[in-house]
Amino acid sequence: MQARPIKMLDVFRYAQGASSVEVVLDGYPNYHHLMAAPGLQAPKLMLERGINPSALVTAPEGRRRPVIGIRSSPWKAGQRSNPWHDEFDLDHGHVRYYGDHKPGTTGLPGATPGNRALLDAWNQHAATAADERSLAPPLLMFRSRTVRRGVVKGHVEFCGVAVIERLEYVVQRDTDSGRSFPNIVLDLAVLDLAESGDALDMRWIDDRRNPALNVADTMRYAPSSWKRWVSQGRSVIPRVRRRVLASRLKAVEEQLPVVGSNEERVLMSLYRFFDGRKHAFELLASKVAAQVLGDSGAMYREGWLTRAGGDGGVDFVGRLDVGSAGSSTPLVVLGQAKCVTPRTSIGPDQVARVVARLRRGWVGVFVTTGVFSRQAQVEIVDDQYPLVLINGRVLVEQVLRITAQDHDGDLDALLKTVVEAYENGVTQRRPEEILLG
């Protein structure tokens with residue numbers, strides 16, 4: 001069975017009574033087609049209400065609820081039918097969602113079907129045992145989207161899969177009547193789907209709806225973040241919560257050439273060649289930085305190399321002229337170069353040395369034959385450091401470009417040129433002097 005991915009922020013056509021056979025409706029993917037599990041006779045997963053629990057299935061280990069669909073309608077917020085305001089912060093993996101108890105509802109907050117399903121789910125989401133958490137229904141979240149002016153119904157946006165992090169009983173106030181009424185509010189942790197390209201494989205939900213499968217079998221297509229949460233519980237939520245920066249972080253494999261490829265052989269050749277000439281590697285790093293920054297559309301000017309030893313985290317200096325020919329501003333570029341074995345990680349402390357030398361308006365670039373650790377990348381993105389990271393994979397790509405452009409594809413000729421030119425490129429000038437000419 002082929003994967004059935006649904007990506008974060010994808011918009012679907014949700015039409016009442018629509019067939020599940022049609023793949024596309026009115027130019028948008030058909031929600032009902034997406035939710036129709038191939039080869040499985042199961043009730044439809046609807047989004048008619050805010051809280052939409054799927055039908056219970058009787059599986060080998062007992063009854064389980066496969067999933068709960070959550071739908072938020074921002075355009076209704078503040079109206080009598082929806083007097084509360086749900087809060088979606090998908091960039092930081094948090095949703096604050098109110099239950100479906102309304103001003104005219106009698107009884108306690110668990111009297112409505114939606115709230116009752118969430119309270120039941122909370123018992124499993126808050127469980128201390130992994131086997132209980134494995135039975136917990138994931139929450140698939142959607143919110144209504146306006147795709148054409150004046151048309152506020154009929155389209156939903158996928159907002160991810162979540163676990164219940166916290167549930168509280170609250171008292172809300174009806175703005176029309178002034179009367180208070182009880183309800184529940186949930187803090188939902190949106191799970192990280194970065195490993196699967198910010199997409200959820202719907203085969204996981206299909207398996208959870210299949211009564212022939214036990215709960216262990218339903219894990220085969222589950223997101224790794226869900227598996228970690230089931231295994232470790234609430235303590236792991238900070239590490240499996242979705243953060244937009246996670247999609248910008250690169251795993252080790254993404255930072256290195258494909259194993260067995262020509263690019264991998266070139267990277268190893270570069271490391272072996274410069275392992276005893278690490279200062280000369282700084283000149284190659286400078287040329288690679290010139291290519292990468294020049295590709296941004298700005299004009300990059302190579303400057304000079306700093307003297308070996310006591311460089312304070314700076315190996316080469318350049319200048320980036322941003323703007324048009326008649327109206328531009330120059331930026332100082334400070335570069336660091338590290339020739340290390342290809343799978344060696346550059347940590348946050350090494351990156352911090354370059355960042356510490358940057359002044360306001362300056363830009364940094366770090367070139368290595370290795371990779372950058374996850375924590376180093378997190379700190380750069382989180383703190384918005386103006387630092388460009390060039391890993392082993394990008395280094396090889398740019399070296400091959402330079403070789404093809406200037407040396408007829410002869411890598412040895414490039415390396416010879418770099419070694420011969422190294423001494424002439426070294427100076428003791430201060431970085432800011434590059435702004436003078």
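Contact here means heavy atoms within 4.5 Å. The model analysed is a predicted one.

On that basis, the surroundings of R242 can be described. R242 is found in the loop between α6 (237-240) and α7 (262-274). With a relative accessible area of 8%, R242 is buried. Setting aside neighbours within four places in sequence, R242 touches M8, L90, D91, H92, G93, V190, L191, D192 and D198. One of these partners, D198, also shares a polar contact with R242: the two side chains are joined at 2.9 Å.

D198 has a backbone feature of its own. Its phi is near 60 degrees, a positive value in a residue other than glycine. D198 is placed in the loop between β13 (180-190) and β14 (199-201). The relative accessible area of D198 is 18%. D198 therefore counts as buried, since the limit for that class is under 20%. D26 also has a positive phi, near 50 degrees, and is likewise not a glycine. D26 is found in the loop between β3 (24-25) and β4 (28-29). Unlike a buried residue, D26 is exposed, with a relative accessible area of 57%.

Nonpolar packing was examined next. The largest nonpolar core has 53 residues. Within this core, the residues with the most contacts are Y31, L140, F142, L188, L200 and W226. Strand β12 supplies the largest share of the core, 8 residues. The contacts of L140, leaving aside neighbours within four places in sequence, are M35, V67, I68, G69, I70, F158, G160, V161, L200, M202 and I205. Another core lies apart from the largest one. It has 38 residues, among them V371, I402, L414 and V426.

Aromatic rings form 8 pairs in the model. One of them joins F142 and F158. Their ring centres are 5.5 Å apart, with 55 degrees between the planes, and the pair is tilted. F142 belongs to strand β11 and F158 to strand β12. The pair thus links distant parts of the chain, 16 residues apart. Both rings are in buried residues: relative accessibility is 1% for F142 and 0% for F158. A second pair, F366 and F372, is edge-to-face. Here the centres are 5.5 Å apart and the planes stand at 90 degrees. F366 and F372 are buried.

F142 and F158 also belong to an aromatic cluster, together with Y14 and Y31. Y14 has a charged partner as well. R71 lies over the face of Y14, at 5.2 Å from the ring centre. A further charge–ring arrangement involves R203 and Y221. The charged end of R203 sits over the Y221 ring, 3.8 Å from its centre.

Salt bridges in the model number 20. R145 and E157 form one of them, with the closest N and O atoms 2.9 Å apart. R145 lies in the loop between β11 (139-144) and β12 (155-173), whereas E157 is in strand β12, so the bridge ties together parts that are 12 residues apart in sequence. The two ends differ in exposure. R145 is partly exposed, at a relative accessible area of 30%. E157 is buried, at 6%.

A salt bridge also forms between R301 and D321, at 3.3 Å for the closest N and O atoms. This pair links distant parts of the chain, 20 residues apart. R301 is in strand β15 (residues 299-305) and D321 in strand β16 (residues 316-324). R301 counts as partly exposed, at 36% relative accessibility. D321 is buried, with a relative accessible area of 8%.

Charged side chains also meet at R430 and E432. Their salt bridge spans 3.6 Å, N to O. R430 counts as exposed, at 51% relative accessibility. The cut-off for that class is over 50%. R430 and E432 are part of a salt-bridge network. The network also includes R359, R429 and E433.

Notes
Residues numbered from 1 in each chain as written. Predicted model: local features only at pLDDT ≥ 70, side-chain atom pairs only at ≥ 80, totals over all residues. Heavy atoms only, no water. Salt bridge = Lys/Arg side-chain N within 4 Å of Asp/Glu carboxyl O. Helix = DSSP H or I, 4+ residues; strand = E, 2+ residues; numbered from the N terminus. Buried < 20%, exposed > 50% of the residue type's maximum accessible area, 1.4 Å probe, protein only. Phe/Tyr/Trp six-rings, centres within 6.5 Å; stacked < 30°, edge-to-face > 60°. Lys NZ or Arg CZ within 6 Å of the ring centre and 35° of its normal. Polar contact = N/O pair within 3.5 Å; in protein donor to acceptor, adjacent residues only side chain to side chain. Core = buried A, V, L, I, M, F, W, Y, C linked by side-chain atoms within 4.5 Å.
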